[in-house]
Amino acid sequence: MARKNYLFTSESVSEGHPDKVCDRISDEIVDLVYREAKKTGMDPWKVRVACETLATTNRVVIAGEVRVPETLLKKGKDGEILKDSAGHPVVNPSKFKSVARKAIREIGYEQDGFHWKTCKIDVLLHGQSPDIGQGVDNASDKQGEEGAGDQGIMFGYACRETPDLMPAPIYYSHKVLELLAAARHEGTGDAGKLGPDAKSQITVRYVDGKAAEVTQIVLSTQHLDGSWDSKKVRQVVEPYIREALGELHIAEDCNWFINPTGKFVIGGPDGDAGLTGRKIIVDTYGGAAPHGGGAFSGKDTTKVDRSAAYAARYLAKNVVAAKLADRCTIQLSYAIGVAQPLSVYVDLHGTGTVHESKLERALREVMDLSPSGIRRHLDLNKAIYARTAAYGHFGRKAGRDGSFSWEKIDLVKALKEAVAAEERAAA
């Protein structure tokens with residue numbers, strides 16, 4: 001039986017955290033390729049990106065494999081596309097460097113050890129392996145249907161703890177950093193003297209299974225004024241923390257750990273190297289739900305690590321929004337080159353109004369869970385991914401540009417009807 005009274009903690013990191021700088025650059029490259037595809041008339045279904053970024057003191061390295069429009073490739077004097085010794089088209093690095101610099105500038109790095117204008121950027125992208133490409137382009141189980149870009153398991157989760165149907169600890173950890181980042185970018189008072197690099201951590205006490213109060217608050221944030229101490233940082237950030245927590249009560253004996261080690265001036269990749277894909281729990285549910293293990297950033301949506309995780313969240317959120325359960329975990333599994341998921345698993349954690357097996361069948365009815373079906377249903381073949389790189393891929397507001405489409409709750413009616421049909425069939 002599930003525990004009703006306990007403490008649970010989740011952390012978040014800011015857009016300027018070294019790993020998040022790398023996630024942002026990798027996702028800017030995904031967006032660049034989709035934008036260029038649209039501009040040149042390249043079929044967006046043929047876009048392929050698997051991009052990793054490393055950042056350290058005044059250095060950024062971008063590596064991976066891509067299938068991109070000709071405008072992003074190097075050409076010889078007579079206009080032919082240049083190829084490397086392995087026969088891969090050679091990428092023209094200029095536009096990739098440009099979007100990386102722009103991302104670093106927008107995050108706010110202009111310090112001696114990491115500056116958007118002066119950091120050295122190496123672009124080591126090359127063409128996609130044809131062995132991987134053939135598995136994606138032609139699925140083995142259905143002629144003409146797109147196969148999964150790799151094997152793997154993906155999880156989606158939703159619950160009633162917050163307005164966006166996310167677990168409270170990760171939801172509020174993100175909110176703290178989002179408010180501080182907004183104040184920093186706006187130059188609001190002393191908050192304008194904060195640096196881009198920050199981490200938050202919120203511990204929530206659950207009483208009778210519900211988020212009741214905050215018992216521990218941890219925040220470490222970079223600051224540009226070297227004279228500040230922990231007391232001064234708390235004075236600056238506490239109003240934003242209280243605003244972010246909103247109606248969630250802060251316990252009278254709550255412990256506050258604000259810059260507990262003291263001064264934090266040197267931050268970002270100059271203070272600690274960053275890599276794409278090292279903050280996957282921050283990206284999802286803060287440890288409150290399972291994670292399949294795959295990162296999202298830097299990947300086009302033929303990679304089910306990304307697209308199927310979005311689909312699983314979308315389905316779980318609609319299950320909870322449809323009042324079929326108060327909590328829902330969904331697992332999808334795939335094999336490379338095979339279009340349809342090998343399995344669909346649902347756990348309603350004892351809160352459901354319908355049996356899980358019926359819901360598993362209903363989910364396949366209301367949504368095509370092949371990679372191409374997911375991309376079509378959620379309209380994923382577009383430049384919408386840079387915004388996902390910080391403050392979580394889930395629990396965000398769906399945008400008019402198509403971003404965060406997996407956060408919509410437009411499947412509620414179809415889901416209820418499919419479940420009702422399953423129950424009639426079983427009667």
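Which residue takes a positive phi in the hairpin of E2 and E3? In this predicted model, the residue is Asn58, with a phi near 45°, and the hairpin has two residues between its strands. The hairpin is formed by strand E2, residues 48–56, and strand E3, residues 59–67, which pair in the antiparallel sense over nine bridges. Within this pairing, Thr56 stands opposite Arg59 of E3.

The hairpin strands belong to an open sheet of four strands, arranged in the order E6-E3-E2-E11 with mixed pairing. Its edge strands are E6 and strand E11 (274–275), each of which pairs on one side only. The pairing of E3 with strand E6, residues 120–127, is parallel and extends over eight bridges. Two bridge partners can be named for this pair of strands: Val61 is matched with Asp122 in E6, and Val66 is matched with Gly127 in E6. In a regular strand, side chains alternate between the two faces of the sheet. Helix H2, residues 94–107, lies across E3 and E6 and runs at about 135° to E6.

A further open sheet consists of four strands in the order E1-E8-E9-E10, and its pairing is also mixed. Strand E1 (6–13) and strand E10 (249–258) are the edge strands here, each pairing on one side only. On average, neighbouring strands of this sheet are turned by 20° against each other, direction ignored. Strand E9, residues 210–223, runs parallel to E10 and is joined to E10 by six bridges. In this pairing, Gln216 has Asn255 of E10 as its bridge partner.

Helix packing was examined for two pairs. In one of them, helix H4 (residues 168–186) and helix H5 (residues 230–245) have axes that come within 8 Å and cross at roughly 135°. This angle makes H4 oblique to H5. The crossing of these two helices is right-handed. On the H4 side, the residues in contact are Tyr172, Lys175, Val176, Leu179, Leu180 and Ala183. They meet Val237, Tyr240, Ile241, Glu243, Ala244 and Leu245 in H5. By class, the contact of H4 with H5 has 10 nonpolar residues, two charged residues and no polar ones.

The other pair comprises helix H7 (residues 304–321) and helix H9 (residues 371–378), whose axes come within 10 Å and cross at roughly 60°. H7 is therefore oblique to H9. The crossing of H7 and H9 is left-handed. From H7, the contact takes in Val304, Ser307, Ala308, Tyr310, Ala311 and Tyr314. Their counterparts in H9 are Pro371, Ile374, His377 and Leu378. Sorted by class, the contact of H7 with H9 has eight nonpolar residues, two polar residues and no charged ones.

Side chains of opposite charge can pair when their charged atoms come close. A search of the whole structure finds 28 salt bridges. One of them joins Lys20 and Asp283, with the closest N and O atoms 2.5 Å apart. Lys20 lies in helix H1 (residues 18–40) and Asp283 in helix H6 (residues 280–283), so this salt bridge ties together parts that are 263 residues apart in sequence.

Conventions
Residues numbered from 1 in each chain as written. Predicted model: local features only at pLDDT ≥ 70, side-chain atom pairs only at ≥ 80, totals over all residues. Heavy atoms only, no water. Axes fitted to C-alpha atoms, helices over the stretch in contact; angles between N-to-C directions. Parallel < 35°, antiparallel > 145°, perpendicular 65-115°, else oblique. Left-handed = near helix turned anticlockwise from the far one by under 90°. Contact = heavy atoms within 4.5 Å. Nonpolar A, V, L, I, M, F, W, Y, C, P; charged D, E, K, R; others polar. Pairing = 2+ DSSP bridges. Salt bridge = Lys/Arg side-chain N within 4 Å of Asp/Glu carboxyl O.
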